Amino acid sequence: MKAVEMWQEYQNVNPRIGDEMDAWAFGVEPDLLAQLVLDGTKTATASAFDLYDQEREPLPKEGSYDLILDGQGEAVCIIETTKVSVVPFKDVSAEHAYKEGEGDRSLAYWREVHEPLFTAWLMEAGLTFNPASKVVLEEFKVVFKEGE
């Protein structure tokens, strides 16, 4: 399904979402991660705070809606952000890692996967990653998917 079509369908159910649609796919494995969201396994994500800061982009907000895309740019579902926090990478909790739903869901796995990602993303922007680098932690729930 096309992103605009899904957004319009959900507007019929929840008109307060408005017309401004923010659609994106998850990092390196968008199809796998989108499926984890649909399955209810993935209820959180993390991003590099410094990239928001550098691009002067607003941080995600509780109560906002986003459209999740698969690797082909097709709409998978709409999520509502339920919690946002900013913490140093080294202080991300095991609870958050578990909610991200990836691998064995451990904090060790989360760090092993996310450290190289954040390092690469920040390097592309001319920035440096270290364990004290801030990350934006988001929790969310699926509010709409195709066929609802």
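Are tyrosine 10 and phenylalanine 144 buried or exposed? Both residues are buried, a term that stands for a relative accessible area under 20%, with exposed meaning over 50% and partly exposed the range in between (1.4 Å probe, protein chains only). The model examined here is predicted, and for that reason local features were accepted only at a pLDDT of at least 70 and side-chain atom pairs only at pLDDT 80 or more, whereas totals for chains, interfaces and linings use all residues. Residues are numbered from 1 along each chain as its sequence is written, and side-chain values use heavy atoms, with hydrogens and water left out.

Tyrosine 10 and phenylalanine 144 also form an aromatic pair, with 5.2 Å from centre to centre and 40 degrees between the planes, and this pair is classed as tilted. Rings of Phe, Tyr and Trp (its six-membered ring) were paired if their centres lie within 6.5 Å, planes under 30 degrees apart counting as stacked, over 60 as edge-to-face and the rest as tilted. The pair links distant parts of the chain, since tyrosine 10 belongs to helix 1 (residues 3-13) and phenylalanine 144 to strand 5, 134 residues apart. Helices (H or I, at least four residues) and strands (E, at least two) are DSSP runs, numbered from the N terminus.

Phenylalanine 118 and tryptophan 121 form an edge-to-face aromatic pair, at 5.9 Å centre to centre and with 65 degrees between the planes. These two residues are three apart in helix 5, so that about one helical turn separates phenylalanine 118 from tryptophan 121. Phenylalanine 118 counts as buried because its relative accessibility is 0%, while tryptophan 121, with a relative accessible area of 30%, is partly exposed. Ring pairs further join Phe118 and Trp121 with Phe89, Trp110 and Phe129 into a cluster, and the count for the structure comes to 10 aromatic pairs.

Charged side chains also lie over aromatic rings, a relation assigned if NZ of Lys or CZ of Arg is within 6 Å of the ring centre and within 35 degrees of the ring normal. Arginine 105 is placed over the face of tyrosine 98, at 3.7 Å from the ring centre, and the charged end of lysine 134 sits over the ring of phenylalanine 49, 4.8 Å from its centre.

Phe49 and Lys134 appear again in the lining of the largest cavity, together with Ala48, Asp50, Phe118, Leu122, Phe129, Ser133 and Val135. On a 1 Å grid over the protein atoms alone, a cavity is a set of points where a 1.4 Å probe fits but cannot get out, a pocket is an open set with protein on both sides within 12 Å along at least five of seven lines, and lining residues have an atom within 4 Å of a point. Grid points are joined across faces, edges and corners, and a volume is the space filled by probe spheres set on the points. A search of the whole structure finds one cavity of 30 Å³ or more, and the largest cavity holds about 30 Å³ of space. At least two lining residues of this cavity come from each of helix 3 (49-55), helix 5 (107-124) and strand 5 (134-145).

The largest pocket encloses about 1,100 Å³ of space. It is lined by 40 residues, of which Asp22, Trp24, Tyr52, Pro60 and Glu138 are the closest to its centre. Helix 5 supplies the largest share of this lining, five residues.

Seven salt bridges are present in the structure, each defined as a side-chain nitrogen of Lys or Arg within 4 Å of a carboxyl oxygen of Asp or Glu. In the bridge between glutamate 102 and lysine 42, the closest N and O atoms are 2.9 Å apart. This pair links distant parts of the chain, 60 residues apart, with glutamate 102 in the loop between helix 4 (94-100) and helix 5 and lysine 42 in the loop between helix 2 and strand 2. Glutamate 102 is buried, with a relative accessible area of 14%, and lysine 42 likewise counts as buried, at 1% relative accessibility. Glutamate 139 forms a salt bridge with lysine 99, the closest N and O atoms being 3.1 Å apart. Glutamate 139 lies in strand 5 and lysine 99 in helix 4, so this bridge ties together parts that are 40 residues apart in sequence.
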